[in-house]
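Student: I would like to go through some aromatic contacts with you. Please justify each label as we go.

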Amino acid sequence: HAMVQKDTDVDERIRESFREMGVSVFSGMFTSVGASIFLFMCQIQFFFKFGCFLCGTIAFSWLFANFFFPTLVKTFGIGVPLTKSNPFKSAEPIEWVSVMQEVATEQESTPSKAVELAELDSNNTDL
């Protein structure tokens, strides 16, 4: 969300997302790893292994989010429609409300499969 909603180039979007969310992501990683460190001291194998799993998962996620993901975004883009005149500026967003209203209207106008089967069953008088 932090990268898609900005109206700047990709580099500035990445920097801004780190500025806005970096502290929160780091704090979440720090507290989760801190909690899992206490599980390393447990004698019961389940808790020890759960601590290892939790610490490994959180550490890998933080490394991926802070190093690998921004590199992917910089390399392949952010996945929103881009204009031809400026490939780093997003095109107009899709109006999802109108799209969902069109889908709902189409679904209301076509009979459901259950109604069709009930009509076929009522027309079958051979039984």
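Tutor: We take the ring pairs in turn, bearing in mind that this is a predicted model.

Student: How many aromatic pairs are there by the centre-distance rule?

Tutor: The count is eight aromatic pairs. One of them joins F26 and F30.

Student: Why is the pair of F26 and F30 called stacked?

Tutor: The ring centres of F26 and F30 are 6.1 Å apart, with 25° between the planes. Pairing needs centres within 6.5 Å, and stacked needs planes under 30 degrees apart, so the label holds.

Student: Where do F26 and F30 lie?

Tutor: Both sit in helix 1 (residues 10-39). They are four residues apart, about one turn of the helix.

Student: Why is F30 called exposed?

Tutor: F30 has a relative accessible area of 56%. Exposed means over 50%, so F30 qualifies.

Student: What makes F26 partly exposed?

Tutor: F26 has 41% relative accessibility. That value falls between the 20% and 50% cut-offs, so F26 is partly exposed.

Student: Why is the pair of F26 and W62 edge-to-face?

Tutor: The planes of F26 and W62 are at 65°, and their centres are 6.2 Å apart. Edge-to-face means over 60 degrees, so the term fits.

Student: Which parts of the chain does this pair link?

Tutor: F26 is in helix 1 and W62 in helix 2 (residues 45-76), 36 residues apart.

Student: Which residues form one aromatic cluster?

Tutor: The cluster is made up of F26, F30, W62 and F67.

Key. Residues are numbered from 1 along each chain as its sequence is written. This is a predicted model: local features need pLDDT of at least 70, side-chain atom pairs count only at pLDDT 80 or more; totals for chains, interfaces and linings use all residues. Side-chain values use heavy atoms; hydrogens and water are left out. Rings of Phe, Tyr and Trp (its six-membered ring) pair if their centres lie within 6.5 Å; planes under 30 degrees apart count as stacked, over 60 as edge-to-face and the rest as tilted. Helices (H or I, at least four residues) and strands (E, at least two) are DSSP runs, numbered from the N terminus. Buried means under 20% relative accessible area, exposed over 50%, partly exposed in between (1.4 Å probe, protein chains only).
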